[in-house]
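User: I'm new to reading structures and would like a close look at just one part. Could you walk me through the sheet in this one and what sits around it?

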Amino acid sequence: MQKRTLGPCVTFFPQPTTIISSVADDGQVNLMTASWAGIVSKTPPTMAVSLNVGRKTYENILQSGEFVVNMVPACLAVEADYCGIRSGRNENKLERAGLSLEPAAEIGVPLLAESPLNVECRLLREVELGDYRLLLGEIVEIHAADSAFSASGEIDPRAFDPLVYLGGIRQYWNLGEKCADAYKDGLQIADKNS
Ligand SMILES: Cc1cc2nc3c(=O)[nH]c(=O)nc-3n(C[C@H](O)[C@H](O)[C@H](O)COP(=O)(O)O)c2cc1C
């Protein structure tokens, strides 16, 4: 495959589009879009988010020790983009975007009601990365939309319709089609006689 070098940059995809909810000292809830977010350990269940130190969200999380990572459905692309280009220091993004909240189960930070998958986190520690801080959060509860489950309890990812972010080229896409089963289809090679 013929390739070109891009230098050290942030072009990499797919990435999730998430909205992080957090609460300030005065009780005001803030919403911030983040694509540098993901689950990084199963035992214990751990979420990592990387935030610039200037974000209102970073300040809130350090003060409260809690945050929620909300998956963004494709139908909220415009609202999510807005939450990524304005700061909660200057405006109430929840109100302006017309979004709503519902209580979490284990922490004081609320869930984004319009999100089909919400991950409640308690801050464990932070790692310094220049202007950014990698925040590691213990996952204490996850809420998933009932409508995504079949009668037998299987999840249909199309019901979540997650918004995919293409970092570097700054575009939002849909999920696309399923092409294989994980931890299964690779067995065609793993189990083949060598
Ligand atoms: C698609 C997208 C993804 C983003 N991902 C991140 C991220 O992972 N970390 C970060 O610090 N900022 C990220 N941003 C920028 C913040 O969302 C933006 O600076 C926001 O205004 C910060 O809000 P706050 O000050 O209310 O916390 C992203 C913006 C967009 C549009």
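In E9, which residue is the bridge partner of Val68?

Analyst: Keep in mind that this is a predicted model. The bridge partner of Val68 is Glu120, which sits in E9. That pair belongs to a bigger picture, so let's start there and zoom out.

Strands E6 and E9 run antiparallel to each other and are joined over five bridges. In general, the strands of a sheet pair through backbone hydrogen bonds, and the pairing can be parallel or antiparallel. Here, E6 and E9 are part of an open sheet of seven strands, with antiparallel pairing and the order E3-E2-E6-E9-E10-E5-E4. If you walk across that sheet, you start and finish at E3 and strand E4 (37-41): each has a single partner strand, so one side of each is left without a neighbour in the sheet. The sheet isn't flat either: neighbouring strands are turned by 35 degrees against each other on average, ignoring direction.

Now add a helix. H1 lies across E2, E3, E5, E6, E9 and strand E10 (132-144), and runs at about 50 degrees to E2.

Back to the neighbourhood of Val68. The largest nonpolar core has 35 residues, and Val68 is one of those that touch the most other members, along with Ile19, Ile20, Val49, Phe67 and Val69. Elements giving two or more residues to this core include strand E2 (18-23), strand E6 (66-71), helix H2 (77-83) and strand E9 (117-129), and H1 is on that list too. Phe67 is a nice one to click on: leaving out residues up to four places away in sequence, Phe67 touches Ile20, Ser21, Ser22, Ile61, Val109, Cys121 and Gly137.

What about the ligand? There are 21 residues around it, and Trp36, Thr57, Gly84, Ser87 and Gly88 come nearest. Strand E3 (29-34), strand E5 (46-52) and helix H1 (56-64) are the elements that give two or more residues to this shell. E3, which you met at the edge of the sheet, gives the largest share, four residues. By class, the shell is a mix of six nonpolar, 10 polar and five charged residues.

One last thing to look for is another open sheet, with three strands in the order E1-E11-E12 and antiparallel pairing. Its edge strands are strand E1 (12-16) and strand E12 (171-173). E1 pairs with strand E11 (residues 164-167) over three bridges, and there you can find Gln15 opposite Tyr165.

Definitions and conventions: Residues numbered from 1 in each chain as written. Predicted model: local features only at pLDDT ≥ 70, side-chain atom pairs only at ≥ 80, totals over all residues. Near = placed C-beta within 6 Å. Nonpolar A, V, L, I, M, F, W, Y, C, P; charged D, E, K, R; others polar. Core = buried A, V, L, I, M, F, W, Y, C linked by C-beta atoms within 7 Å. Buried ≥ 20, exposed ≤ 12 C-beta atoms within 10 Å, placed from the backbone. Contact = placed C-beta atoms within 7 Å. Pairing = 2+ DSSP bridges. Axes fitted to C-alpha atoms, helices over the stretch in contact; angles between N-to-C directions.
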